[in-house]
Amino acid sequence: MRTVLVSACLVGRRCRHDGDHCEVPWLREKLIRKGYEIGAFCPEEAGGLPTPRSSAQIAGGGGGAVLDGEAAVLTRDDIDVTRAFVLGAEEAARLASVSGAELAILKDRSPSCGVREIWREGLVVSGEGVTTALLRRCGVRVMTAEEWSVDPDSR
């Protein structure tokens, strides 16, 4: 069975910064029907952050810049949580490696999981989150749930 990594909030786990989820109701069933085993994870929790927690955004670049030490992840109270975001991304990459996952379906606009857009310095901008950037560097294909629904057999 193929494993797909999925942002846990997309499959109903209450792990968002505000303690809620953003479940995509059809996602779990469709993944199972397509023969995937779901590896649900939250990189922010995996990096040691609690739920609920202050919302965060990337300052000074995108996820790749954070990994390269050229940008930071800050909470709305200006607390630097970069290390936790990098640790969570590293755990996601480890999970992809040990499970053989070649695909990840992640939550867009997140500073961790953003696929096409992220919050940066108070605005939604084009870019990728820290976990997305690291997974892509490791050769994992990263998509939003909406992108995957259009082409569920993409690898």
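The following exercises, each with a worked solution, concern a predicted model.

**Exercise 1. The open sheet**

Determine the strand order of the open sheet of four strands, and explain why β2 and β8 each have one side without a neighbour.

Solution. Begin with the order, which is β2-β1-β5-β8, with parallel pairing. Next, consider the ends of that order: β2 (36-41) and β8 (141-143) stand at the edges, and each has a single partner strand, so one side of each lacks a neighbour in the sheet. Neighbouring strands are turned against each other by 25 degrees on average, with direction ignored. Turn then to the pairing of β1 (residues 2-7) with β5 (residues 103-105): these strands run parallel and are joined by three bridges. Within this pairing, Val4 stands opposite Leu103 in β5.

**Exercise 2. Helices on the sheet**

Identify the strands that α4 lies across and the strands that α5 touches.

Solution. Helix α4 lies across β1 and β2, and runs at about 165 degrees to β1. Helix α5 (residues 130-137) packs on the sheet and touches β1, β2, β5 and β8. The direction of α5 makes about 150 degrees with that of β8.

**Exercise 3. Length and burial of the two helices**

Compare the span of α4 with its expected value, and list the buried residues of α4 and of α5.

Solution. Helix α4 comprises residues 82-99, 18 residues in total, and reaches 26 Å from its first C-alpha to its last. This span is close to the 26 Å expected at 1.5 Å a residue. The buried positions of α4 are Thr82, Ala84, Phe85, Val86, Gly88, Ala89, Ala92, Ala93 and Ala96. Helix α5 is mostly covered, with six of its eight residues buried; these are Val130, Thr131, Thr132, Ala133, Leu134 and Leu135. Finally, inspect what comes after each helix. Gly100 follows α4 and has a positive phi, near 75 degrees. Gly139 follows α5, and its phi is also positive, near 90 degrees.

**Exercise 4. The aromatic pair**

Classify the pair formed by the rings of Tyr36 and Trp148, and locate both residues in the chain.

Solution. The count of aromatic pairs comes to one. The ring centres of Tyr36 and Trp148 are 6.3 Å apart and their planes stand at 70 degrees; since planes over 60 degrees apart count as edge-to-face, the pair belongs to that class. Tyr36 lies in strand β2 and Trp148 in helix α6 (residues 145-150), so that the pair links distant parts of the chain, 112 residues apart. For burial, the cut-off is under 20% relative accessible area. Tyr36, at 4%, is therefore buried, and Trp148, at 0%, is buried as well. One further group belongs to this picture: the charged end of Arg2 sits over the ring of Tyr36, 4.1 Å from its centre.

**Exercise 5. Arg16 and Thr75**

Decide whether Arg16 and Thr75 count as buried or partly exposed, and describe the contacts of Arg16 and Thr75.

Solution. Arg16 is found in the loop between β1 and α1 (27-33). Its relative accessibility is 25%, so Arg16 counts as partly exposed. Beyond neighbours within four places in sequence, Arg16 is in contact with Cys9, His21, Cys22, Thr51, Arg53 and Lys107. The C-alpha atoms of Arg16 and Pro52 are separated by 7.0 Å, although these residues are 36 residues apart along the chain. Thr75 is placed in strand β4 (residues 72-75). At 10% relative accessibility, Thr75 counts as buried. Not counting residues up to four places away in sequence, Thr75 touches Ser54, Ser55, Ala56 and Val81.

Notes
Residues are numbered from 1 along each chain as its sequence is written. This is a predicted model: local features need pLDDT of at least 70, side-chain atom pairs count only at pLDDT 80 or more; totals for chains, interfaces and linings use all residues. Side-chain values use heavy atoms; hydrogens and water are left out. The expected span of a helix is 1.5 Å times one less than its number of residues. Buried means under 20% relative accessible area, exposed over 50%, partly exposed in between (1.4 Å probe, protein chains only). Two strands pair if DSSP finds at least two bridges between them. Axes are lines fitted to C-alpha atoms, for helices over the stretch in contact, and angles run from 0 to 180 degrees between N-to-C directions. Contact means heavy atoms within 4.5 Å. Rings of Phe, Tyr and Trp (its six-membered ring) pair if their centres lie within 6.5 Å; planes under 30 degrees apart count as stacked, over 60 as edge-to-face and the rest as tilted. A charge sits over a ring if NZ of Lys or CZ of Arg is within 6 Å of the ring centre and within 35 degrees of the ring normal.
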